[in-house]
Amino acid sequence: MVDPGAPRPLSAQRASGVIARLVRAVFGPIVGHRMTLPPALLARYPELADARWRRGGLPVRVGGWCLGRATVAGITLGRTIWLAPRAPLSPELLLHELRHVHQFASDRTFPLRYIWWSLRHGYSQNPYEADARQFAASRVTGLPPTV
């Protein structure tokens with residue numbers, strides 16, 4: 001007879017699930033949590049599928065600290081875009097961050113140039129930020145970007 005109160009040995013599948021939950025609990029606050037965008041948003045802006053999306057994490061906090069805030073709405077590193085936990089999924093924000101993915105892909109030195117321009121001219125006068133704002137606006141309005 002089996003004692004129903006006796007602890008059951010962990011199966012490999014249960015053990016991997018326990019480990020995955022533990023890793024998410026420990027590293028989630030640091031790297032954020034993977035997220036998928038709503039299908040309707042992807043249908044309207046299919047290019048958003050070219051990026052990896054995360055919610056929360058240390059990158060949005062560090063970005064905020066650099067600007068003297070608690071957090072930023074979004075920050076991009078390579079092909080990964082982190083959104084603040086309460087940032088809206090607005091097309092303007094998502095497309096703005098996607099443009100930074102394009103900028104990363106087009107120039108290996110982009111991170112250094114971005115920092116240089118931000119330090120030299122300030123965040124809002126950074127030409128990479130101006131380009132991202134213009135790109136997002138042109139996609140949302142459907143009008144070509146002005147040069």
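Which helices are included in what covers the buried residues of H6? Keep that in mind as you click around.

**Before you start**

You're looking at a predicted model, where local features need pLDDT of at least 70, side-chain atom pairs count only at pLDDT 80 or more, and totals for chains, interfaces and linings use all residues. Residues are numbered from 1 along each chain as its sequence is written, and side-chain values use heavy atoms, with hydrogens and water left out.

**Stop 1: the whole chain**

Switch on the cartoon view and you'll find six helices and four strands. These are DSSP runs numbered from the N terminus: helices are H or I with at least four residues, strands are E with at least two. Walking from the N terminus, the order is α-β-α-β-α-β-β-α-α-α. Of the 147 residues, 31% count as buried (under 20% relative accessible area; exposed is over 50%, partly exposed in between, with a 1.4 Å probe and protein chains only).

**Stop 2: helix H6**

Select residues 127-141, which is H6. Its 15 residues should span 21 Å at 1.5 Å a residue, and the end C-alpha atoms are indeed 21 Å apart (the expected span is 1.5 Å times one less than the number of residues). Now colour Tyr 128, Glu 129, Ala 132, Phe 135, Ala 136 and Ser 138, the buried residues of H6. Back to the opening: H4 and H5 are among what covers them. Here's a handy bit of background: an α-helix has 3.6 residues a turn, so residues three or four places apart point the same way.

**Stop 3: His 100**

Hop over to His 100 in helix H4. Is His 100 buried or exposed? It's buried, because its relative accessible area is 5%. Leaving out residues up to four places away in sequence, His 100 touches Thr 76, Phe 110, Tyr 114, Tyr 128, Glu 129 and Ala 132 (contact means heavy atoms within 4.5 Å).

**Stop 4: the nonpolar core**

Next, select Leu 48, Trp 53, Leu 83, Leu 94 and Leu 95, which touch the most other members of the largest nonpolar core, a group of 18 residues. Such a core is a set of buried Ala, Val, Leu, Ile, Met, Phe, Trp, Tyr and Cys residues joined through side-chain atoms within 4.5 Å. Which element gives the most to this core? That's H4, with five residues. Zoom in on Leu 95: apart from neighbours within four places in sequence, its contacts include Tyr 45, Leu 48, Phe 135 and Val 140.

**Stop 5: Leu 93 and Pro 88**

Leu 93 is also in H4, and it's buried at 14% relative accessible area. Its C-alpha atom is 7.9 Å from that of Ala 73, though the two are 20 residues apart along the chain. Pro 88 is in the loop between S4 and H4 and counts as exposed, at 52% relative accessibility. Leu 93 touches Pro 88, as well as Ala 73, Gly 74, Leu 83 and Ala 87, not counting residues up to four places away in sequence.

**Stop 6: the largest pocket**

Finish by selecting Gly 63, Ile 75, Tyr 114, Ser 118 and Tyr 123, which lie nearest the centre of the largest pocket among its 24 lining residues. On a 1 Å grid over the protein atoms alone, a pocket is an open set of points where a 1.4 Å probe fits, with protein on both sides within 12 Å along at least five of seven lines; lining residues have an atom within 4 Å of a point. H5 supplies the largest share of the lining, six residues.
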